[in-house]
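Got your viewer open? Here is a short tour, one selection at a time.

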Amino acid sequence: MHEFSMSSEIVRTVLNTAEKNSGEKVLSIQLEIGEMALLNVEQVIFWIRELFKGSVAEGAEVKVKTIKARIKCESCGYKGGIKSNHQDSFQHFIPYCCPKCGSFEIKIEKGRECILKRIKVER
């Protein structure tokens, strides 16, 4: 249900922004969701479309760009992406490690975000 609450906030922001800017119709929205945001993108899109029904945003296109993760290893100094061989639904419960040295002492610098980047409205 994490996806529902996140989608609800996105929809609230879109509708409030459209109203404040005298938008008669929301044409599209652009989201950026990090691959480590613990969000199922398909579910987020589904809930946004459901919550848009009956509003000025009904039928709006929902575009999503995936932001690749970037980590920094505190042990060896590696900076870059992560690698995961886990393609199942439990992949987010498996700790990530440095692909260079195998250390679990990593900082996630990018890839956890969920950003409403753009709202396109018609006045």
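Which residues do ring pairs link into a cluster? Select Phe4, Phe46 and Trp47: those are the ones joined up by ring pairs. Keep in mind as you look that this is a predicted model.

**Stop one: the aromatic cluster**

The structure holds two aromatic pairs. Start with Phe4 and Trp47, whose ring centres sit 4.9 Å apart with the planes at 80°, so this pair is edge-to-face. Colour by helix and you'll see that the pair links distant parts of the chain: Phe4 belongs to helix H1 (residues 2-20) and Trp47 to helix H2 (residues 41-52), with their positions 43 residues apart in the chain.

Now swap Phe4 for Phe46. Between Phe46 and Trp47 the ring centres are 5.1 Å apart and the planes make 75°, so this pair is edge-to-face too.

Buried or exposed, or in between: how do these rings count? Turn on the surface and go through them in order. Phe4 is partly exposed, at 31% relative accessibility. Trp47 comes out at 22%, and it counts as partly exposed; the cut-off for buried is under 20%. Phe46 has 40% relative accessibility and is likewise partly exposed.

**Stop two: Val56**

Move along the chain to Val56, in the loop between H2 and strand E2 (61-67). Its relative accessible area is 33%, which makes Val56 partly exposed.

What does Val56 touch, leaving aside its neighbours within four places in sequence? Show Leu15, Ala18, Glu24, Lys25 and Val26: Val56 is in contact with each of them. For a distance to display, pick the C-alpha atoms of Val56 and Leu15; they are separated by 7.5 Å, although the two residues are 41 apart along the chain.

**Stop three: Phe104**

Next, select Phe104, found in the loop between strand E4 (79-80) and strand E5 (106-110). With a relative accessible area of 56%, Phe104 is exposed; the line for that label is drawn at over 50%. Setting aside neighbours within four places in sequence, the contacts of Phe104 are Pro95, Tyr96 and Cys97.

Try one more distance here, from Phe104 to Gly59. The residues are 45 apart along the chain, and their C-alpha atoms are 44 Å from each other.

**Last stop: zoom out**

Clear the selection and switch to cartoon. The protein has two helices and six strands, and along the sequence they run α-β-α-β-β-β-β-β. The radius of gyration is 18 Å, well over the 14 Å that the globule rule gives for 123 residues, so the protein is more spread out than a compact globule. If you draw a box along the principal axes, the C-alpha atoms fill roughly 55 × 25 × 15 Å.

Back to the surface view for the whole protein: 28% of the 123 residues count as buried. The accessible surface comes to about 8000 Å², and carbon and sulfur atoms account for 49% of it.

How far apart are the mean positions of the positive and negative charges? Colour by charge to look at the 20 positive and 16 negative ones; their mean positions lie 7 Å apart.

Finish with a contact map if your viewer makes one. Among contacts between residues at least 6 apart in sequence, 76% join residues at least 24 apart. You've already visited one pair in contact from separate parts of the chain, Val56 and Leu15.

Key: Residues numbered from 1 in each chain as written. Predicted model: local features only at pLDDT ≥ 70, side-chain atom pairs only at ≥ 80, totals over all residues. Heavy atoms only, no water. Helix = DSSP H or I, 4+ residues; strand = E, 2+ residues; numbered from the N terminus. Rg over C-alpha atoms; globule rule 2.2 N^0.38 Å. Buried < 20%, exposed > 50% of the residue type's maximum accessible area, 1.4 Å probe, protein only. Contact = heavy atoms within 4.5 Å. Areas by Shrake-Rupley, 256 points an atom, 1.4 Å probe, with all protein chains shown as cover. Lys, Arg positive; Asp, Glu negative; His and termini not counted. Charge placed at Lys NZ, Arg CZ, Asp CG, Glu CD. Phe/Tyr/Trp six-rings, centres within 6.5 Å; stacked < 30°, edge-to-face > 60°.
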